[in-house]
Every structure is written in C-alpha cells, then in structure tokens.
Amino acid sequence: MTPSVSPSGPTTPAGRTGPARSGPSGGPRRRPRVVIVGAGFAGYQTARHLSRTLRGRAEIVLLNPTDYFLYLPLLPQVTAGVLEARRVTVSLPGTLRQVRLVLGQAERVDLAARTVHYSDPEGGEGELTYDRLVLAVGSVSKLLPIPGVAEHATGFRGLPEALYLRDHITRQIELAGYCGDPAECAARSTFVVVGAGYTGTELAAHGKMFTDALVRKQPGWPRGVKPRWMLLDVADRVLPGLSERLARTADEVLRERGVDVRVKTSVKESTKDGVLLDTGEFVDTRTLIWCVGVRPDPLVSLLDLPTEKGRLVVTPQLGVPGHPEVFACGDAAAVPDLTRPGEFTPMTAQHASRQGKVAARNVAASLGLGTPVAYRHNDLGFAVDLGGVKAAANPMGVPLSGPVAGAVTRGYHLAAMPGNRVRVAADWLLDAALPRQAVQLGLLRSWQVPLDTASPELVHTPGAPGTSGTHENSGTSGNTSSGNTSGNTSGNTPGSTSGKE
Ligand SMILES: Cc1cc2nc3c(=O)[nH]c(=O)nc-3n(C[C@H](O)[C@H](O)[C@H](O)COP(=O)(O)OP(=O)(O)OC[C@H]3O[C@@H](n4cnc5c(N)ncnc54)[C@H](O)[C@@H]3O)c2cc1C
C-alpha cells in the first residue's frame with residue numbers, strides 16, 4: 001500500500017493556490033506544500049530527492065531568482081573563456097519535472113504565518129504559504145571595511161560577474177595593446193586578485209593563461225611586456241583552508257606560470273587608478289577581483305533566529321530549533337560537523353549537495369515517510385583546477401598533481417554536475433584543439449555587477465525588481481567599507497567616476 005503523507009506536528013494553512021484532492025472522508029484534502037528557497041547545490045538536491053521520495057504526494061515548490069542551477073566551481077573557466085556561460089548552468093524546469101519553479105527572490109519569511117514573501121523578475125510580488133520550508137539561500141561575497149573596495153572591486157559569486165570579467169579582461173588587453181603609454185599599458189595589463197582560496201587561486205591560474213593567450217593575438221603588443229597577475233592573501237600560503245600539500249602544488253604551478261603570489265599581504269585602499277597594499281606599495285591597475293570569501297545570504301539575518309557566524313543554527317538533522325516545519329542547509333546553515341565535534345561543516349559544494357539530500361529525507365520523514373537521519377560526511381578531498389592540464393587534487397586524501405590531477409579534477413566536475421555534461425566536455429575538447437575566442441561582447445558594465453549585493457546571480461539594474469542591492473534591512477552595513485551602507489555602491493552606478501567602465 002502506498003503510504004499517505006500528512007503534515008505532522010502543528011498543521012498549517014497549506015498553499016493558497018495549491019491543488020486540492022479528495023481526502024478519505026470524501027472532503028477536499030490539499031497536498032502538503034514544501035517550499036524550497038534557493039536552487040543551488042543544497043536546494044537543487046533537496047528538490048530532486050524530495051520529488052523522488054514523495055512521488056507527487058506533496059507539492060514541491062522551488063523559489064529561485066533564475067531558472068537554472070549554477071555549477072559554481074567551473075565559473076573561473078567561464079571568465080577565462082574555456083567554457084561558454086550556459087555550459088555551467090542546468091535548467092531547473094528541464095531536470096526537475098515534478099517540481100514547480102517559482103521565479104523570484106524571497107524578501108521576507110513570516111515564520112508565524114508560514115509564508116514566504118517574494119519579488120518576481122518583473123516587479124511583481126508574491127506570497128507562498130508552506131507546510132514545510134527548506135532554506136537553502138547560499139552565500140554572497142564577503143565585504144571588508146577597506147576604503148574603495150566596494151566601489152572598485154568586482155566579486156566572483158555569480159554568472160554576471162564571471163561574464164563581466166571575461167569581457168573586462170579582454171578589453172583591458174585590447175586597450176593596452178594600442179594605448180602607446182607604457183604606464184597605462186602596464187596598469188591595464190595588471191590584474192589583482194585578493195583571496196587565495198580555491199576561487200582566487202583558480203581565477204589567477206586561469207586568468208594568467210587567458211591573458212597570455214590574448215596578447216599573442218594583439219598585433220603590435222609591446223615586446224617583452226607580459227600581463228601581470230597578482231594573487232594576495234593575508235594567510236602565509238595559498239589555499240589556506242586546504243591541505244599543505246595541495247597548497248604547495250598550487251603555489252608551484254602559479255609561480256611557474258608567472259603569477260605574482262603575495263602571501264601575508266592585503267589591500268589597504270582601492271582607488272580608480274589602482275590598489276594600495278598594506279606593504280605600502282601602490283599597484284597601478286584597472287582590475288581588482290575580490291575573492292576573500294563569502295558570508296551567508298542576507299535573508300538569514302532577517303529571520304530573527306539564532307545564527308552562528310551569520311549562518312542559521314540548525315540541528316544535526318538540519319531542523320531549525322523551535323520550528324519543526326523549517327529546515328536549512330548549505331552555506332546559509334551552521335550545520336554541526338559530527339566528524340569534528342564542536343565545529344560546523346565548511347561552506348563547500350560537497351557539503352551543500354549532501355546536506356540537500358539529507359534535508360529531503362528529513363522533510364519526507366516529517367511528513368510521515370521514512371525516518372530522519374543526522375548529517376554526517378567525511379570530506380572526500382578537494383580538487384583545484386589550475387588551467388591547461390594542471391590541477392592540485394587530493395581525492396580520498398591521495399595527493400595528486402600535474403595531468404593526472406587535471407584529469408581527476410575534470411572527471412570529478414563532470415560526475416558532480418547534475419546535467420549539461422556533454423556540452424562541458426565538448427567545450428573542453430574544443431579548447432584543447434582550438435585557440436580561445438578573443439571577443440568581448442560588452443553586454444555588462446561594472447555598475448551592473450556591484451560587489452555589495454544580495455543577488456550576485458542577477459544583473460543589477462537600478463530601480464529594477466530583485467536587484468535592489470540587498471534585502472531590506474539586510475544588515476550588511478557593518479560589513480561594508482567605510483561609510484558605505486547596504487546597497488549603496490555609489491561608485492558602481494551609471495555615470496559614476498569609479499574608473500571602471
Ligand atoms: C567561484 C566559486 C568556486 C567554487 N568552487 C568550489 C569547489 O571547487 N568545490 C567546492 O566544494 N565548493 C566550491 N565553491 C563553494 C560552493 O559553490 C558553495 O559552497 C555552494 O554553492 C553552496 O551551496 P548552496 O546551495 O548553499 O548555495 P548556492 O549554490 O550559492 O545556491 C544558493 C541559491 O539560492 C538562491 N538564492 C539566494 N538568495 C535567495 C533568495 N532570497 N530567494 C530565493 N533564492 C535565493 C541563489 O540564486 C542560488 O541559486 C565555490 C564557490 C565559488 C563562488
């Protein structure tokens with residue numbers, strides 16, 4: 001017999017627009033509604049596994065600003081022109097057939113009324129009631145109170161930034177190629193990446209290869225001048241959170257390639273002409289890429305629930321204490337790490353996608369199907385793609401470097417992507433066989449990809465819905481650069497003199 005599903009615990013008004021069915025007594029019975037907010041690694045897996053488990057016995061609604069899941073680990077390859085942007089996306093309606101996608105961004109959650117209020121991409125507003133809620137809103141770029149950074153730096157958390165940077169980098173090389181002024185040429189062909197975690201390290205490694213390839217195509221490029229990439233970190237090595245061996249391999253590749261790696265170094269100030277390092281050195285540049293890490297999505301701080309370093313406190317079963325109908329997972333949640341008592345799981349895709357599966361199981365259990373489990377996962381190692389055939393990886397703790405690591409890393413990404421694998425593999429083959437396309441489409445401007453934003457997945461358009469910078473009262477002001485409160489990226493607006501195009 002097929003078990004029936006019922007919202008256990010305190011019951012709620014179900015979704016106001018949800019379909020109704022006949023109950024055993026013949027009266028109308030609505031299917032319980034599960035609302036999942038966010039379709040990243042955690043939310044996508046929650047939706048996928050929940051739809052397989054529940055098989056239509058509950059309505060699953062996925063609220064996300066875009067109609068795609070974004071495979072973030074391959075984003076540096078979009079900027080470096082290895083992969084086209086759509087390759088790293090996976091269609092939500094195309095792959096989650098039993099799930100209703102609602103395009104929008106949650107602005108507020110009313111835990112007492114069990115409703116999520118959202119804004120849609122065309123300025124409309126909506127409300128979703130829920131029986132179960134899964135919060136999987138991920139994270140946004142971390143800001144530090146460093147003068148000029150919010151105005152002049154570009155983050156690296158979404159597709160708009162990756163595409164903007166691909167064009168911007170290409171344009172800088174093209175402008176440097178004919179400007180005639182050696183100082184300007186040097187500034188335009190200098191790229192500063194702050195933060196040598198996996199994002200910054202991959203970006204610098206790929207970026208150097210990309211710009212070296214671009215200058216080979218520039219007629220009249222000044223002899224002997226090479227694009228300069230700087231990678232800065234306050235830590236004493238690259239990949240500070242990862243194993244020392246991995247860091248050594250990455251460091252060797254970066255230096256061999258000509259990346260200027262500066263450890264124990266940070267930025268003191270950023271201006272339109274360059275960056276002042278805390279060593280006192282001023283670096284002329286038109287490009288500052290901010291990869292210092294992430295902070296939980298500002299929606300979390302609006303919930304008025306206990307947090308740990310900004311992440312929503314949850315039980316090992318991913319439930320929000322005091323709210324048996326609410327679950328959270330991924331970067332936005334402080335999930336106890338049962339393999340390292342007293343700590344929380346790191347913000348990685350590996351954890352987020354596995355937590356999504358556990359959230360699905362526990363939501364189903366809360367509806368009467370199966371039993372809940374605690375989240376426990378031992379890290380399987382890490383893979384850092386360094387461009388070309390190079391990578392640093394330690395699958396299951398086995399340290400790898402060179403082409404073997406490169407093959408393992410790419411194999412890992414293909415296996416981890418929930419779709420679009422053939423297209424990604426095809427782009428890799430094309431990239432190995434053909435020169436990279438040196439074309440900038442120029443569709444995005446710097447003010448459309450502000451660093452201080454709650455929506456890095458959206459192109460910022462002043463006054464447009466869903467891109468207001470931050471959720472109302474997002475509370476990011478304490479994190480922003482001096483005097484720059486939430487949403488106010490004053491240098492990053494049209495007509496500003498930020499120095500970026
Ligand atoms: C460039 C880059 C490279 C990375 N490389 C690796 C790697 O190699 N290995 C690794 O393990 N990790 C990597 N990470 C980290 C990893 O991507 C994150 O830990 C992971 O994405 C977290 O998953 P998540 O589901 O919590 O959040 P996300 O994947 O960020 O998904 C959050 C989703 O919620 C949506 N959302 C946000 N706010 C709202 C709202 N208010 N309403 C509705 N929807 C909302 C977003 O649009 C998004 O779809 C990388 C991160 C970056 C930025």
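Two strands count as paired if DSSP finds at least two bridges between them. Strand E24 (residues 319–320) and strand E25 meet that requirement with two bridges, in the antiparallel sense. This is a predicted model, and the tour starts at that pair.

Val-320 has His-323 of E25 as its bridge partner. E24 and E25 form a hairpin, with two residues between the strands. Gly-322 sits in the turn and has a positive phi of about 85 degrees. E25 (residues 323–328) also pairs with strand E11 (residues 132–135). Here the strands run parallel, and three bridges join them. Leu-135 is matched with Ala-328 in E25.

A second hairpin links strand E17 to strand E18 through two residues. E17 covers residues 267–271 and E18 residues 274–277. The two run antiparallel, joined by four bridges. Within this pair, Ser-270 stands opposite Val-275 of E18.

Next come the sheets. Five strands form an open sheet, in the order E13-E20-E14-E15-E16. Its pairing is parallel. The edges are taken by strand E13 (153–154) and strand E16 (260–263). Each has a single partner strand, so one side of each is left without a neighbour in the sheet. Further in, strand E14 (residues 190–194) pairs with strand E20 (residues 287–290). That pairing is in the parallel sense and spans four bridges. Val-194 has Trp-290 of E20 as its bridge partner.

Another open sheet has three strands, ordered E22-E23-E26. Its pairing is mixed. Strand E22 (307–308) and strand E26 (333–334) are the edge strands, and each pairs on one side only. E22 meets strand E23 (residues 311–313) in the antiparallel sense, over two bridges. Glu-308 stands opposite Arg-311 of E23.

Now the helices. Helix H7 (198–216) takes part in two packings described here. One is with helix H5 (residues 159–178): the two axes come within 10 Å and cross at roughly 40 degrees. That angle makes H5 oblique to H7. The crossing of H5 past H7 is right-handed.

The other packing is with helix H8 (residues 244–257). The axes of H7 and H8 lie 10 Å apart, at an angle of about 25 degrees. Angles under 35 degrees count as roughly parallel, and H7 is therefore roughly parallel to H8. This crossing is left-handed.

H7 also leads to the ligand. Where does the ligand lie relative to domain 1 and domain 2? Domain 1 is assembled from 30–65, 104–141 and 295–366. Domain 2 consists of 149–292 and 382–434. Both domains give residues to the shell around the ligand, so the ligand lies between them.

The shell holds 35 residues. The closest are Gly-38, Gly-40, Gly-138, Gly-330 and Ala-352. Which elements give two or more residues to this shell? Three are helices: H1 (41–54), H7 (198–216) and H9 (349–366). Strand E4 (59–64) and strand E8 (105–110) complete the list. By residue class, the shell divides into 19 nonpolar, twelve polar and four charged.

H7 thus ties two parts of the picture together. This helix gives residues to the ligand shell. H7 also packs obliquely against H5 and roughly parallel to H8.

Technical notes. Residues numbered from 1 in each chain as written. Predicted model: local features only at pLDDT ≥ 70, side-chain atom pairs only at ≥ 80, totals over all residues. Near = placed C-beta within 6 Å. Nonpolar A, V, L, I, M, F, W, Y, C, P; charged D, E, K, R; others polar. Domains from an automatic or database assignment. Axes fitted to C-alpha atoms, helices over the stretch in contact; angles between N-to-C directions. Parallel < 35°, antiparallel > 145°, perpendicular 65-115°, else oblique. Left-handed = near helix turned anticlockwise from the far one by under 90°.
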